[in-house]
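Dear colleague,

Please find below the structure that I am handing over to you. The findings follow it, and I would be grateful if you could read them with the model open.

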Amino acid sequence: MPAKRPPVPLSRERILEAALHIADSQGLRRLTMRRLGDALEVEAMAIYHHLPRGKEALMDALAEHVTAVHVERAATWQETARAWCRAGRELLREHPGVLALALTKPPKGATAVAIKEQTEQLADQGLATAAEAVRALRAFMFGSVAVEVQQSGWADPEVDEWVRRDERADLDFERGLDALLKGLQT
């Protein structure tokens with residue numbers, strides 16, 4: 001008889017990974033502490049050791065996971081801003097199940113740090129209206145992903161297979177980003 005492998009220790013990262021899987025495959029409404037415990041093969045109460053505030057802490061952590069984007073500073077503020085928007089879009093597209101959290105949870109923790117970093121990078125690169133630019137860029141990125149997820153069929157129970165990648169959406173995103181960056185230059 002083969003030796004039984006010891007269980008994988010519970011960690012915050014493992015909890016978030018399982019929660020993202022449930023939210024992305026079944027929807028955020030189906031993400032319960034009990035279902036998460038079952039997926040992790042632990043009692044739901046064990047999760048509270050890593051997330052003492054329970055479900056609220058889990059929701060905050062999921063929102064933070066998909067909105068705390070960091071990129072290296074590029075040659076120009078436009079290139080830096082473009083890199084954030086692309087990276088943020090990809091992260092949100094990977095996890096459509098938590099898009100609603102990303103749109104509604106106030107930025108805190110790592111997300112607040114990332115926004116501050118983005119603002120400072122743009123200001124250091126010479127953009128006088130850096131804070132306003134970051135707000136506009138985030139609004140554009142979130143809005144474009146929301147439309148893309150809506151059109152993909154992800155949340156429609158009648159759709160057997162949703163479209164993860166859409167070349168037209170990629171073109172629309174790049175066109176809109178170009179227009180926004182040009183507008184921010186003035």
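In what follows, two residues are in contact when heavy atoms of theirs lie within 4.5 Å. Please note also that this is a predicted model.

**The chain as a whole**

The secondary structure of the protein chain consists of nine helices and zero strands, so that the pattern along the sequence reads α-α-α-α-α-α-α-α-α. Along the principal axes, the C-alpha atoms fill a box of roughly 70 × 40 × 30 Å. The chain has 186 residues, of which 40% count as buried. Its accessible surface is about 11,200 Å², and carbon and sulfur atoms account for 53% of that area. Among contacts with a separation of 6 or more, 73% are between residues 24 or more positions apart.

**The nonpolar core**

The largest nonpolar core holds 49 residues, and those touching the most other members are L36, L58, L62 and L122. Two or more residues come from each of α1 (12-26), α2 (33-40), α4, α5, α6 (99-104), α7, α8 and α9 (167-185). The most is given by α8, with eight residues.

L122 deserves a separate entry. Neighbours within four places in sequence aside, L122 is in contact with W77, A81, W84, L127, A130, A133, V134 and L137.

**Helix α7**

Helix α7 covers residues 110-124, which is 15 residues. At 1.5 Å a residue the helix should span 21 Å, and its end C-alpha atoms are indeed 21 Å apart, so the expected and modelled values agree. Its buried residues are T111, A114, I115, Q118, Q121 and L122. Viewed down the helix axis, these buried residues fall within an arc of 125°, and therefore they line one face of α7. The cover over them includes α4 (55-67), α5 (77-94) and α8 (130-152). V113, K116 and D124, on the other side of α7, are exposed.

K116 is one of the residues of this helix. Its relative accessibility is 52%, and because the exposed class begins over 50%, K116 counts as exposed. K116 and A131 are separated by 15 residues in sequence, and their C-alpha atoms are 8.6 Å apart in space.

**After α7: Q125 and G126**

Q125 belongs to the loop between α7 and α8. Is this loop residue buried or exposed? Its relative accessibility is 17%, and since buried means under 20%, Q125 counts as buried. Leaving aside neighbours within four places in sequence, Q125 is in contact with R73, A74, A75, T76, W77 and T80. With A74 there is a specific pairing: the side chain of Q125 reaches the backbone oxygen of A74 at 2.7 Å. G126, just after α7, takes a positive phi of about 100°.

**E41**

A positive phi also occurs at E41, at about 60°, although E41 is not a glycine. Most residues other than glycine have a negative phi. E41 is located in the loop between α2 and α3 (44-47). Its relative accessibility is 74%, so E41 counts as exposed.

**D24, H95 and R30**

D24 is part of helix α1. With a relative accessible area of 15%, D24 is buried. Which residues does D24 touch, not counting those up to four places away in sequence? They are E94, H95, P96, G97, V98 and W154. With H95 there is a polar contact, side chain to side chain, at 2.6 Å.

R30 lies in the loop between α1 and α2. R30 has a relative accessible area of 41%, so it is classed as partly exposed. Its contacts, neighbours within four places in sequence aside, are with I22 and R35. R30 and H95 are 65 residues apart in sequence, with 15 Å between their C-alpha atoms.

**Places to open when you view the model**

- The buried face of α7, with its residues T111, A114, I115, Q118, Q121 and L122.
- The side chain of Q125 and the backbone oxygen of A74, at 2.7 Å.
- The side chains of D24 and H95, which make a polar contact at 2.6 Å.
- E41, with its positive phi of about 60°.

With kind regards

Methods. Residues numbered from 1 in each chain as written. Predicted model: local features only at pLDDT ≥ 70, side-chain atom pairs only at ≥ 80, totals over all residues. Heavy atoms only, no water. Helix = DSSP H or I, 4+ residues; strand = E, 2+ residues; numbered from the N terminus. Expected span 1.5 Å × (residues − 1). Buried < 20%, exposed > 50% of the residue type's maximum accessible area, 1.4 Å probe, protein only. Arc of directions from axis to C-beta. Core = buried A, V, L, I, M, F, W, Y, C linked by side-chain atoms within 4.5 Å. Polar contact = N/O pair within 3.5 Å; in protein donor to acceptor, adjacent residues only side chain to side chain. Areas by Shrake-Rupley, 256 points an atom, 1.4 Å probe, with all protein chains shown as cover.
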